[in-house]
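Reader: I'd like to learn how to read a structure like this one, feature by feature. Can you walk me through it?

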Amino acid sequence: MDVFPKAKQWVMSGLACFIGFLIGLIYVTPGGQWMLNLVDHYGGTFLIFALAILQLAGVFWIYGLENFCWDIEFMLNWKVTRFWRFSWLIITPGLLLIIFVYNMARLENPTFMGKDFPTSAHVAGWAIFAVGSVQFILWSAWAIIRDENKMETLKSQFKYNPVWGPHSSRTFQEWKDFRDQKLINRRALSNQHSSKKKAFWILNGKYD
């Protein structure tokens, strides 16, 4: 619906369900369990870890931990505690990265009923992993290619979009006023702080 906002919701939902149904038919064939093990191994473990790490980096390192915490406070009227700040910014991405590297280091080819998969199956499995992993790079490259000012578009990939926000114009203005006030308060407190001290205070939620 984000890509085709004018399309009817029941059409998009029905189309997605129908395509998913057709793809899922392969799992009820005689070789379905083989396919399930293969897809689960390459697409349900390593790929999930890789995408989760990239998403955490995008939200908390590019969009920004402070921006995200302010959004939650605006929506829920609840200030994000130090525990969640540390978890989102450091602990969770660190643990995911460690688990991902550990699993890759101990990688073994999947088997089913004690039998090995053929080489072609492993090639297909790594293709699934590759296609899912490079989505960030592919769509970033697509945005750069389409834009005339390619250097500015490239730089914008590592910054949050300033026009992003609530869809409703009224809520968007309330959200913007809320953030502007937060920025004023933070600047008043951080005027004499070094960049390291600012990062430490943000991590501990002291500017709120």
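Author: Sure. Let's start with exposure: buried means under 20% relative accessible area, exposed means over 50%, and partly exposed is what falls in between. Keep in mind that this is a predicted model.

Reader: Okay, let me try that out. Is R170 buried or exposed?

Author: R170 has a relative accessibility of 65%, so it counts as exposed. Its salt-bridge partner is E174, with the closest N and O atoms 3.6 Å apart. E174 comes out as partly exposed, because its relative accessible area is 40%.

Reader: Where do R170 and E174 sit relative to each other?

Author: Both are in helix α7, four residues apart, which is about one turn of the helix.

Reader: And what does K176 pair with in a salt bridge?

Author: With D180; the closest N and O atoms there are 3.3 Å apart. K176 and D180 are four residues apart in helix α7, so about one helical turn separates them. On exposure, K176 has 36% relative accessible area and is therefore partly exposed. D180 is partly exposed too, at 30% relative accessibility.

Reader: How many salt bridges does a search of the whole structure find?

Author: Five. One to look at is D71 with R179, where the side chains meet at 3.6 Å, N to O. This pair links distant parts of the chain, with D71 in helix α2 and R179 in helix α7 (residues 169-190), 108 residues apart.

Reader: Are D71 and R179 buried or exposed?

Author: Buried, both D71 and R179.

Reader: Let's go to the nonpolar side. How do I read a core?

Author: Think of a core as a set of buried nonpolar residues joined through side-chain atoms within 4.5 Å. You can then ask which members touch the most others. In the largest core here, which has 17 residues, those are F60, L65, W88 and F100. Helices α2 (32-76) and α3 (82-105) each supply at least two residues of this core. The largest share, 10 residues, comes from α2.

Reader: Which residues is L65 in contact with, leaving aside its neighbours within four places in sequence?

Author: F60, R85, W88, L89, I202 and L203. Apart from this core there is another, of five residues, including L38, Y42, F117 and A121.

Reader: What about aromatic rings? I always want both a distance and an angle.

Author: Good habit. Planes under 30 degrees apart count as stacked, over 60 as edge-to-face, and the rest as tilted. This structure holds 11 aromatic pairs. Take W84 and W88: their ring centres are 5.7 Å apart and their planes are at 35°, so this pair is tilted.

Reader: Where do W84 and W88 lie?

Author: In helix α3, four residues apart, or about one turn of the helix. Their exposure needs a separate look for each residue. W88 has a relative accessible area of 18%, so it is buried. W84, at 36%, is partly exposed.

Reader: Which residues do ring pairs link into a cluster with W84 and W88?

Author: F60, F68 and F83 join W84 and W88 in that cluster. You've met F60 and W88 already, among the residues that touch the most other members of the largest core.

Reader: Now flip it around. What about nonpolar residues on the surface?

Author: For a patch, you look for nonpolar side chains with over 30% relative accessible area, joined within 5 Å. Here L15, F18, I19, F21, L22, I23, L25 and V28 form one, with about 790 Å² of accessible area together. Let's zoom in on I23, which lies in helix α1 (residues 9-24). Its relative accessible area is 52%, so I23 is exposed.

Reader: Any backbone geometry I should check?

Author: Have a look at N77. This residue has a positive phi of about 55° although it is not a glycine. N77 is found in the loop between α2 and α3, and its relative accessible area of 72% makes it exposed.

Reader: Last one: how do I compare separation along the chain with separation in space?

Author: Pick two residues and put both numbers side by side. V3 and W142 are 139 residues apart along the chain, while their C-alpha atoms are separated by 15 Å. V3 lies in the segment before α1 and is exposed, with a relative accessible area of 66%.

How values were computed. Residues numbered from 1 in each chain as written. Predicted model: local features only at pLDDT ≥ 70, side-chain atom pairs only at ≥ 80, totals over all residues. Heavy atoms only, no water. Patch = residues over 30% accessible without salt bridge, like charges linked within 9 Å, V, L, I, M, F, W, Y side chains within 5 Å. Areas by Shrake-Rupley, 256 points an atom, 1.4 Å probe, with all protein chains shown as cover. Salt bridge = Lys/Arg side-chain N within 4 Å of Asp/Glu carboxyl O. Buried < 20%, exposed > 50% of the residue type's maximum accessible area, 1.4 Å probe, protein only. Contact = heavy atoms within 4.5 Å. Phe/Tyr/Trp six-rings, centres within 6.5 Å; stacked < 30°, edge-to-face > 60°.
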